[in-house]
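Please work through the exercises below with the sequence and the coordinates open beside you.

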Amino acid sequence: MIPRYIVDFDLQALPRMKTDVAVIGAGIAGLYTALQTSEYADVVLISKKGLDDSNTRWAQGGIAAVTAKSDSPELHRQDTLVAGAGLSSFEAVDVLVHEGPERLKELIAYGTEFDRDAEGRYELTQEGAHSKRRILHANGDATGAEIVRALSARVKEQPNIHVLEHHFAIDVITQDGESVGVIVQKPDGELFFLEAKATVLATGGAGQLYRYTTNPDIATADGIGIAYRAGARIKDVEFIQFHPTALYYPGAPRFLISEAVRGEGAILRNSNGERFMDKYHPQKELAPRDIVARAIVSEMEQTHASFVYLDITHESEELIKHRFPTIYNFCLQYGLDMVTDWIPVAPACHYIMGGVQTDLHGETTTKRLFACGEASCTGVHGANRLASNSLSEAVVFGHRISERIKELSELPVIRTFSVTSKRREHRTFNTREQRVKLQKLMLRHVSVKRHEKGLKKALAELERMEQYYHFQIDGKEAFEFFNLLNAAVLTTKAALMREESRGGHYRIDFPNKDDLIWRKHLIQSVSEGVQEESDQYDVE
């Protein structure tokens, strides 16, 4: 049983800090939303590590927005809806494609320097399932790092933004169904209460649910855990995107080999050296990510190999080094030269399409609590995210959140209370050991391919882990484990319920998409359990 709060506290006795807006997370969603709201409000920005540690920093490919005359919002919308496999919200996607270009201009105004060609025009690339070249990038393949650099510098300049680095937001405090602030742990372990008129969860993704992921170690589903315990609805978490091409090499981390490499002409070969994507999809290497990932797994199974190859050796050395300097130099550390070598790759957990359900202004079903970026489920991505839409989504809905917060009334008087659980005083557990166990369960049973027997086994093991909620805990590692456990249970339950295959969810025992029964969403909350909701559209 997941508790309402994962630490004990006395709200009256806790030290208190007050602000207008609390923003949790220092990726593009958190930094951008903090900057937008700081124009009219005081903001406290909480980062559980340093200001430059986030998922965004590792984003390579770029940001999708319509800037070329040969492109249009309608085409971008159609590409997004098709990739979403029937579960994207038409309204949310429409917001994204029409407001994205303006938000892109703001990113540039904040100091982000995207790559330009010799004539000064922004360079555009194409990625999987896009019908046009509409992806802007920076420093070749280091777009996320450039965005974080620019936004972080602006945040540090703003007198209205107070940054708390190496602080952990544990739980949102609610009163009468609305958020009134956050319980935060300082680096020395002391707790305090941050009172806030609005709280924004910009905590990033959930890649650490899996043993192999392109995400950094901070991606521990904190937003899902915090929001779920606060009573908010969690939506579409069965849809996990596994990036098809993460580096697979002894001694190397699962480093992301950007989809843009395939966008610039790279092809996939199995361990026998045979190109294979033409057997699986007419778009070949540029098919949607879920299709490419499953195709790779199928080839690995057929050839009894643990990887396939990504081959861009037919392209020029100049293009490879100019366009992919980060990837090129990283591979070179391990003796792999993209100019002459095929790169061994395999799928790894990359992105969660679902998350904390929001409306078109980023507000969750818990009033005054907002979610932005990968922590949220705005409805844009549906069952499968279109490449490079994530950075666009963060700024589009970050702006909308800032506009909505302007309209909020002042907080009511906060009633004090205390939480005293019956945790076992002398029982502890090895947090790292259990985290690895959870990751292995998810990898084996809730990964690229799923089936009922494995999902039931995983769910039973995960629910047994819930006993640890009753043990004595303290510190960031335990809080992260509880958030991962929370998300793992919700994801596995939804994957078990959805008896079809769609987007990032593939069931071996139900391999076909079932529009008659399953063109709907699974939504989970503490008070309502699991609900089904339909808001799908028709793709022409």
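Two exercises on charged side chains follow, each with a worked solution.

The model is predicted, so that local features need pLDDT of at least 70 and side-chain atom pairs count only at pLDDT 80 or more, while totals for chains, interfaces and linings use all residues. Residues are numbered from 1 along each chain as its sequence is written, and side-chain values use heavy atoms, with hydrogens and water left out.

**Exercise 1.** Determine where D311 and R269 lie in the chain, and whether each is buried or exposed.

*Solution.* Begin with the contact itself: the side chains of D311 and R269 form a salt bridge at 2.9 Å, N to O, a salt bridge being a side-chain nitrogen of Lys or Arg within 4 Å of a carboxyl oxygen of Asp or Glu. Next, place the partners, which are 42 residues apart and link distant parts of the chain, with D311 in strand β14 (residues 308-311) and R269 in strand β13 (residues 267-269); strands are DSSP runs of E with at least two residues, and helices are runs of H or I with at least four, numbered from the N terminus. Finally, D311 is buried, because its relative accessible area is 2%, and R269 is buried at 19%, where buried means under 20%, exposed over 50% and partly exposed in between (1.4 Å probe, protein chains only).

**Exercise 2.** Explain why E317 and K321 are separated by about one helical turn.

*Solution.* First, E317 forms a salt bridge with K321, the closest N and O atoms being 2.6 Å apart. The separation is about one helical turn because the two residues are 4 residues apart in helix α8 (residues 317-323). As a last step, E317 is partly exposed at 42%, and K321 is partly exposed at 35%.
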